[in-house]
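Work through the exercises below with the sequence and the structure at hand, trying each task before reading its solution.

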Amino acid sequence: MSTRNFATRMSCFSLVSAIETDLRAIIVSELPNEYESMLPADVVTNAKERYAEHNKESFLKDSNIVELLDFIDFYDLSKILNKIKNNQKFFKPEEIVEIIDELQRLSKCRNRVCHSRPLEPNDFTTLLDFTSELIKIGSLTYWKNVNIALNNLDNPTFALSLKIPSYWRINNKTINNNLPLPEFDDTGFMGRDKDRTAVTKLLTSNTKVTSIVGEGGVGKTALAQRCLYDILEICESSEKEDSIFDIIVWVSLKTNRLTANGAAEIKNSISSSSGLFQNISRSLKGETTISVKSDLDEIREYMDEYKILLCIDNLETISSDDIRDFLADIPNGSKVLITTRIGLGEIEYRYKLDKLDDKPSVDLMRNMSKLLNLDKLYKKNNEGLNQLCKSLFNNPLLIKWYVLAVAAGFGNAELIDKRSGNFKDALCFCFENLYDRLSEIEKRAISVIACLRRPVSAVELRFFLSNIEETKIEEALHQLHNSSMLISTGDKIAEGRYLYSLTGVAEEYINTVRPVTNDLYQEIKEKRKEIQNLISEANIQKNHYNYDLNVISWTTKDEKICSIYLQKALSFHKKENRELADQNIKTAKSLMPGFSECYRIHSYILKESSPFQAEAELEKAIDLNPNSVITRYAYSQFLIAQEEFEKAKEQINEALRIDSEDVALKTYKAWILTLNGEYKAAVDIYEELLPEQHKRLLKFRISTHDQAASCYRRMSEQNIRDNDYPEARNNIKRAVEILESTINKGDYDHGTLYRLYDLLKTAEHLFSKLKDRSVIDDILLFIEYNMMTLTVKSTVQLKQDLSEYKNHCSPEFSNKVKIILDLLTPPNSVNIGERIIGTVDKIVSTERGVSYGFILGTDQNRYFFHRSEVSPQSFMSEIDENVNVTFLTKHSEKGVFAFDVRQR
């Protein structure tokens, strides 16, 4: 117990003693010889009992009343004054009523001072305010002793020379204890009402071992002492014969204390398990035995026979299996309270103690400043003190260290400079006996969290420590969470997920004392870059297409991390590396077994090799996330491949229930209906979608027009089978209109020309039934008018399709088809120098624009061209893939290349 703490208590006692002495003198002067009739009976009885207990003899009637009045307290005085208030001459009626009320109000405060119980924060100031007002009351009273006490408040020698009478510590019931005066006696116990209640409740429950875990200086010892005194109060004030505990034992393992000048060693401190057990044994029976085993046997015997509450302060300073074995075998009825920076694990109930709240932090700094007469700091406004406390992480020890250092003459700037030697010394004190005991994996985990500078989930940590076994990471995380360096909070986004972060003090300790190495920093940087690349690529793909089955859908950070492994699995699958694909799927599932995308992507990989297992994975994905649109969409596509159209329709309907406005989902539903023969329902959807296709990307515009045309063609074929030829003609004409429209807009590829060939075949079938050639004539006329503007690939496809059609078309159309084929076949361009028709197949650009490219000629050859060969050069700004051109060819050392490239 520091001298400063003791001085605070004795200053309080000097005021209490002075008030009681002066009031006793007043009462003695007012009482007649037959005084007992003027005193409340219960007051006389209690005073005589205290007298007899202290003097070991009964109070005689003829003894001096002053001797008896020495054994009355504030509450007794208030009762006596109340009884004689109408017969005394020292005070006015309203004055004596005020004194009586104040004595009753301060009775608990007075008892805390005299009964060696922990002081409350405002005890001293409350007593001081009362005494200051008291000297203004009563015209006939000098208040001699009160004035002497007030005049000597700045004289510590006066207060320290006083002695609290032992009889004031006598209670109805005495519980043996060796509790020290609490460390917070100078300022009182600040805040932590919930913590105080919770720990006291644990000590009175069936929990055998309770550990208060927290970083150095957070107030573990203070909370433990406050709760132990609460338990002591409960035991001693209990009217029951059988108390909760018979004995309370305190053992401190502190080896250092923090001063304004740094850490100072505590002499004769306990530094081993044998020393701990010897101390406990000595506290219980007054002596120690010759061996640790004998001490342990004695302790267990005592704890078995008596209900003992044992508190071990700062247990982290020693480490021994003997201690764990001892704590694991505590007899029923006895309890152990521990304060430590490192939790013990399964043998304890761990109570995590966090930093102080803002208000008690400010109150602590203000009270300390007032106690040390630091007016400038004491009078600082709340906001200023709040900011100062936050810079000290609301850590009680650091706040006290700061105030003491200011009192010792250190400058504010030096103290709050987190790079200064003083501050580093304070940080090191908070983490002594902790950091060096961490394993290398635990230190690395802490460094990763410090490097990321934000709360991290277990999944993220496993990603950044991917070279370490999963079980070892989990174990390290568990151990760190048991320590005082790591705190966990629930994730507001992902229910049930916890985020881990360093405490403010721990983060500063890592930053200033144990900084992250450059190698680890670069490693983390590369990992973060990997995540960012995934996000960028996914965003591009999502903007391209909402429900691309190759894009993993995530909502949380953990899912994002998991998606990296799923993306790698897809990549290895495309490269046909099944082993690495499976390995990454396995990693993703172990990270997040409840993430539905793990199973959807696995299904995507398995769909060709093992459709049965693929479907099981899709079912699992839906069970985990029934509202996943992309899973429903993927399942419908899988079912289409299995030709289970009804089930596919169910899945796409579920997807549309969740996202009813998505065009891709509507389009796919229309295609499912088409495949299922529900043409009327399908064309209704297509007709709704076709006017809006200009808003979509090219490949989706092409596919939608192709599907719509196919739906009308299939419906026309059904009409022919039903002998409904007029309706068949209407539907095939609508199909032709759709394809002609998309080709005119440039929204086509060579597949569109194949769809046009399908229409020709259906129209040919209709012609055989109806002898109406208008549809075929329309198609051939459209081809003739547009064939020179088609891309080379489309031209090649068209030639192939018309050549096939020519072999089985009706004689009425064969001549027309031959003419078109002749036009599509250019003169033989074997000789260099003859112009060739082609389409730009690929271009390569730099910052300056197009650098070079390749052209696919109608002769099916691919030609290189350089930007300098484009004519005119203004055409360079328009040239792009799929642009139709004509060009000449010539030889070079590297082969034939194109020159004089012109737009066709």
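## Overall make-up

The protein, seen here as a predicted model, contains 39 helices and 16 strands.

**Exercise 1.** Find what percentage of the residues is buried, and what percentage of the contacts with a separation of 6 or more joins residues 24 or more positions apart.

*Solution.* Begin with burial: of the 904 residues in the protein, 51% are buried. Then turn to the contacts with a separation of 6 or more, of which 68% are between residues 24 or more positions apart.

## Nonpolar cores

**Exercise 2.** Identify the residues with the most contacts inside the largest nonpolar core, and list what Met485 touches beyond four places in sequence.

*Solution.* The largest nonpolar core is made of 79 residues, and those with the most contacts inside it are Met365, Tyr402 and Met485. A second core, separate from that one, has 72 residues, including Ala614, Ile630, Tyr686 and Leu756. As background, nonpolar side chains in soluble globular proteins tend to be buried together. Next, take Met485 and set aside residues up to four places away in sequence: Met485 then touches Phe431, Leu434, Tyr435, Leu438 and Ile446, and also Ser501, Leu502, Thr503, Ala506, Tyr509 and Ile510.

## Two helices

**Exercise 3.** Check the span of helix α30 against the expected value, and then work out how far α30 is enclosed by the rest of the structure.

*Solution.* Start with the span: helix α30 covers residues 629-641, and because its 13 residues should span 18 Å at 1.5 Å a residue, the 19 Å between its end C-alpha atoms agrees with expectation. For the second part, count the buried residues, where buried means under 20% relative accessible area. In α30 this gives 11 of 13 residues, so the helix is largely enclosed by the rest of the structure. The buried residues of α30 are Val629, Ile630, Thr631, Arg632, Tyr633, Ala634, Tyr635, Ser636, Phe638, Leu639 and Ile640. These buried residues pack against four helices, namely α28 (596-606), α29 (611-624), α31 (645-658) and α32 (663-675). Finally, look just after α30, where Glu643 takes a positive phi of about 60°.

**Exercise 4.** Repeat the span check for helix α26, and name its buried residues.

*Solution.* Helix α26 (residues 557-574) has 18 residues, and the 26 Å from its first C-alpha to its last is close to the 26 Å expected at 1.5 Å a residue. The buried residues of α26 are Asp558, Glu559, Lys560, Ile561, Cys562, Ser563, Ile564, Tyr565, Leu566, Ala569 and Leu570. Just after α26, a positive phi of about 60° is found at Glu576.

## Cavities

**Exercise 5.** Determine how many cavities of 30 Å³ or more there are, and describe the lining of each.

*Solution.* The count comes to two cavities of 30 Å³ or more. The largest cavity holds about 40 Å³ of space, and its lining consists of Ile743, Leu753, Leu756, Phe782, Ile783, Asn786, Leu790 and Leu798. By class, seven of these lining residues are nonpolar, one is polar and none is charged. Both α36 (750-770) and α37 (774-786) supply at least two residues of this lining, and α37 gives the most, with three.

The second largest cavity has a volume of about 30 Å³ and is lined by Leu753, Leu756, Tyr757, Leu760, Ile783, Leu798, Asp801 and Leu802. Two or more of these residues come from each of α36 and α38 (792-808), and α36 gives the most, with four residues. The lining of this second largest cavity has seven nonpolar residues, no polar ones and one charged residue.

## Two single residues

**Exercise 6.** Decide whether Asn884 and Thr200 are buried or exposed, and list their contacts beyond four places in sequence.

*Solution.* Asn884 is found in strand β15 (residues 884-892), and because its relative accessibility is 10%, Asn884 counts as buried. Beyond its neighbours within four places in sequence, Asn884 is in contact with Thr789, Leu790, Thr791, Val792, Gly838, Thr839, Arg902, Gln903 and Arg904.

Thr200 is found in helix α10 (residues 193-203), and at 12% relative accessibility Thr200 also counts as buried. With its neighbours within four places in sequence left aside, Thr200 is in contact with Cys227, Asp230, Ile231 and Ile234.

Terms used:
Residues numbered from 1 in each chain as written. Predicted model: local features only at pLDDT ≥ 70, side-chain atom pairs only at ≥ 80, totals over all residues. Heavy atoms only, no water. 1 Å grid on protein atoms, 1.4 Å probe; cavity = no way out; pocket = protein on both sides within 12 Å on 5 of 7 lines; lining within 4 Å. Points joined across faces, edges and corners; volume = space filled by probe spheres on them. Nonpolar A, V, L, I, M, F, W, Y, C, P; charged D, E, K, R; others polar. Expected span 1.5 Å × (residues − 1). Buried < 20%, exposed > 50% of the residue type's maximum accessible area, 1.4 Å probe, protein only. Contact = heavy atoms within 4.5 Å. Core = buried A, V, L, I, M, F, W, Y, C linked by side-chain atoms within 4.5 Å.
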